[in-house]
There are 2 protein chains.
Amino acid sequence: MKTYLDCFPCFLKQALNAVRFTTADEKLHEKVMHDAIKMAASMDPRQTPPEMGRQIHRLIRELTGVADPYQEVKKQFNDYALAAEPRLRKIIEQSQKPLETAVRLAIAGNIIDFGPNSRLVDTQVSEAIEHSLSAPLDTEELETFKKSLNTSSVILYLGDNAGEIVFDRLLIEQLPLDKITFVVKGYPVINDATMSDAIATGLTELVRVIDNGHDAPGTIIDQCSDEFKKIYARADLVIAKGQGNYETLSNEDKNIFFLLKAKCPIIARHLAVELGSIVIRRNHFNLRAEQ
Amino acid sequence: MKTYLDCFPCFLKQALNAVRFTTADEKLHEKVMHDAIKMAASMDPRQTPPEMGRQIHRLIRELTGVADPYQEVKKQFNDYALAAEPRLRKIIEQSQKPLETAVRLAIAGNIIDFGPNSRLVDTQVSEAIEHSLSAPLDTEELETFKKSLNTSSVILYLGDNAGEIVFDRLLIEQLPLDKITFVVKGYPVINDATMSDAIATGLTELVRVIDNGHDAPGTIIDQCSDEFKKIYARADLVIAKGQGNYETLSNEDKNIFFLLKAKCPIIARHLAVELGSIVIRRNHFNLRAEQ
């Protein structure tokens with residue numbers, strides 16, 4: 001997905017939220033805003049929005065000297081989700097359609113995001129779970145997803161945020177474990193999950209986990225590590241969580257299923273869904289090829 | 001009021017709303033966004049926000065070749081307010097406190113604004129009127145305002161938007177007409193009232209009306225006409241409507257009463273009121289002098 005004009009004001013707002021979250025030093029707030037505006041002025045709009053996000057958050061880390069501003073928040077979200085995990089697993093086990101329920105919960109977990117929402121409270125997560133369990137879901141796309149699961153031998157699961165990966169783990173428990181490689185970010189960016197989150201939530205004990213070698217809040221393939229590129233090339237099914245992965249991979253000619261909550265009006269419009277919808281969507285290159 | 005960091009994303013959002021309102025040409029949308037970002041990069045934050053607004057809207061007028069993009073909207077708001085005028089006048093006439101009621105309605109009229117709100121519907125104006133008639137109002141400040149009215153001989157009333165000036169007219173009917181000069185903008189900017197709106201709404205038949213010779217959505221005194229500067233210097237009371245006038249005049253050493261609805265979170269914080277509050281506020285230079 002290209003960067004829309006609407007994304008530019010949003011970048012600056014996110015930059016301001018992020019630097020205020022990281023430091024109370026107003027001189028640094030000013031410096032980040034100034035540099036973010038300069039970046040925006042020179043940004044190629046054919047780039048995807050996470051490219052700009054990457055630059056902004058790298059800038060904040062450099063200027064503040066804080067390597068992982070969201071470390072504490074990520075821990076809190078992991079702990080929160082781990083505490084909820086037994087209850088969520090029971091919902092899946094008691095469901096008539098455990099895979100569908102696990103997909104719905106994995107999408108609900110995508111509410112845990114520090115990009116568009118600068119603050120997040122427990123009630124929002126609980127509401128997202130309730131909503132996700134009953135909201136309309138594209139069952140045709142879900143069926144295609146199930147078929148693809150059955151016919152695929154190398155499955156890549158691209159994670160999104162800390163906390164959310166506990167929800168992903170519950171979905172992964174419903175999938176063929178030996179075929180799955182879970183991918184986290186190579187370096188801290190916002191509250192995106194890195195290897196330490198995968199370890200803290202026990203994901204590494206369940207499936208193979210690699211990092212992508214990069215620090216974008218999405219997956220910019222040509223900037224990822226060779227290890228990632230190799231397995232991506234071999235994968236016959238990619239499960240991609242969250243808006244950042246949709247923004248960076250929606251034009252890929254690959255069998256990708258995006259699982260996300262449409263939290264941004266521009267992404268919702270791009271997906272042709274209502275804001276706040278729960279989404280399972282195969283990337284359109286495949287749809288086109290089949291039509 | 002200086003420009004806060006929070007204003008920068010808002011500038012870009014307003015620029016995008018405004019150019020989309022003016023033309024469907026996406027190339028021009030891009031050009032305006034690009035130039036607005038460059039302007040933001042070089043803007044001195046000690047300038048007030050309307051200085052940036054002035055530059056953005058001038059840019060849009062230049063690039064589109066449309067001298068007054070909001071002409072039709074301004075006419076609609078004038079007509080809407082003129083249709084409501086007899087009903088509003090009756091509310092004032094039947095009130096136990098006609099001046100206070102007229103002040104409340106003049107503040108309600110400030111909801112008619114195309115800056116922060118890109119679209120506005122009838123129900124919003126009706127709700128603003130209902131709210132303004134019953135919401136808490138600083139009665140101490142109102143009493144000071146009344147005293148100042150009685151002791152002043154040259155009163156300047158700085159208007160804000162088309163449509164809103166009909167509400168202002170109802171307040172002016174409660175004031176000493178021969179002492180009042182009403183001021184409109186010198187050139188079109190957003191939906192700010194200009195001389196043609198003052199004529200269309202009959203304001204010119206009630207009091208002396210001048211334009212300020214400038215095109216900022218506020219009052220940047222040193223850029224206004226000599227005629228305006230002269231009468232401003234002589235005025236012993238200034239009634240300033242709306243956020244733009246507050247942003248540009250809050251640091252003036254002058255007897256100014258600001259009448260506005262706090263529609264922007266930054267301005268609400270600056271005034272130390274809740275978002276959406278109705279505000280009558282004497283400028284702090286005078287308060288300081290008296291304390």
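**Exercise 1. The neighbours of a strand**

A:Leu158 stands opposite A:Ala240 in S4(A), and this pairing, like everything below, is read from a predicted model. Starting from this pair, work out which strands S1(A) and S4(A) pair with and in which sense they run.

*Solution.* Begin with the two strands that the opening pair belongs to: S1(A) and S4(A) are joined by four bridges and run parallel. Next, turn to strand S2 (residues 180-184) of chain A, which pairs with S1(A) in the parallel sense, again over four bridges; within this pairing, A:Ile155 has A:Ile180 of S2(A) as its bridge partner. Finally, look at S4(A) and S5(A), which pair in the parallel sense over four bridges, with A:Ile239 standing opposite A:Phe257 in S5(A).

**Exercise 2. The faces of two strands**

For strand S1 (residues 155-158) of chain A, decide which residues lie on one side and which on the other, and whether they are buried or exposed; then do likewise for S4(A).

*Solution.* In S1(A), A:Ile155 and A:Tyr157 lie on one side, while A:Leu156 and A:Leu158 lie on the other. All four of these residues are buried, and both faces of S1(A) are therefore covered, given that a residue counts as buried when 20 or more other C-beta atoms lie within 10 Å of its own. In strand S4 (residues 237-241) of chain A, A:Leu237, A:Ile239 and A:Lys241 point one way, whereas A:Val238 and A:Ala240 point the other way, and all are buried. The count for S4(A) is thus five buried residues of five, and the strand is mostly covered.

**Exercise 3. An enclosed helix**

How many residues of helix H5 (residues 98-108) of chain A are buried, and what covers them?

*Solution.* First make the count: nine of the 11 residues of H5(A) are buried, so the helix is largely enclosed by the rest of the structure. Then name the buried residues, among them the charged-looking entries in the list, A:Glu100 and A:Arg104, together with A:Val103, A:Leu105 and A:Ile107. The cover over these buried residues includes helix H4 (71-93), helix H6 (122-134), helix H7 (139-151) and helix H8 (164-172) of chain A, and also strand S5 (256-261) and strand S6 (278-282) of chain A.

**Exercise 4. Chain A as a whole**

Describe how many helices and strands chain A has, and why its compactness can be likened to that of a globular protein.

*Solution.* Chain A has 14 helices and six strands. Its radius of gyration is 18 Å, close to the 19 Å that the globule rule gives for 291 residues, so chain A is as compact as a globular protein of that length. Along the principal axes, its C-alpha atoms fill a box of roughly 55 × 45 × 35 Å, and 47% of the 291 residues count as buried. Among contacts with a separation of 6 or more in chain A, 71% are between residues 24 or more positions apart.

**Exercise 5. Two domains**

Which residues make up each domain of chain A, and which elements of domain 1 touch domain 2?

*Solution.* Domain 1 of chain A covers 7-64 and domain 2 covers 71-290, and their centres, taken over C-alpha atoms, are separated by 25 Å. Where the domains meet, 12 residues of domain 1 are in contact with 13 residues of domain 2. On the domain 1 side, helix H1 (7-22) and helix H3 (49-64) of chain A each supply at least two residues, and H3(A) gives the largest share, seven residues. By class, that side of domain 1 has four nonpolar, five polar and three charged residues.

**Exercise 6. Two copies**

What rotation superposes chain B on chain A, and through which surfaces do the copies meet?

*Solution.* A rotation of 180° with 0.0 Å of shift along its axis superposes chain B on chain A, with an RMSD of 0.0 Å. The two copies are thus related as by a two-fold rotation axis, and in chain B the C-alpha nearest that axis, 2.2 Å from it, belongs to B:Pro9. As for the contact itself, 14 residues of chain B are in contact with 14 residues of chain A. Helix H1 (7-22) and helix H2 (26-42) of chain B are the elements giving two or more residues to the chain B side, with H2(B) giving the most, seven residues. That side divides into nine nonpolar, one polar and four charged residues. Lastly, 100% of the interface residues of chain B are also interface residues in chain A, so the copies meet through the same surface.

Technical notes. Residues numbered from 1 in each chain as written. Chains lettered and ligands numbered in written order. Predicted model: local features only at pLDDT ≥ 70, side-chain atom pairs only at ≥ 80, totals over all residues. Domains from an automatic or database assignment. Contact = placed C-beta atoms within 7 Å. Nonpolar A, V, L, I, M, F, W, Y, C, P; charged D, E, K, R; others polar. Least-squares fit on C-alpha atoms with pLDDT ≥ 70 in both. Rg over C-alpha atoms; globule rule 2.2 N^0.38 Å. Buried ≥ 20, exposed ≤ 12 C-beta atoms within 10 Å, placed from the backbone. Pairing = 2+ DSSP bridges.
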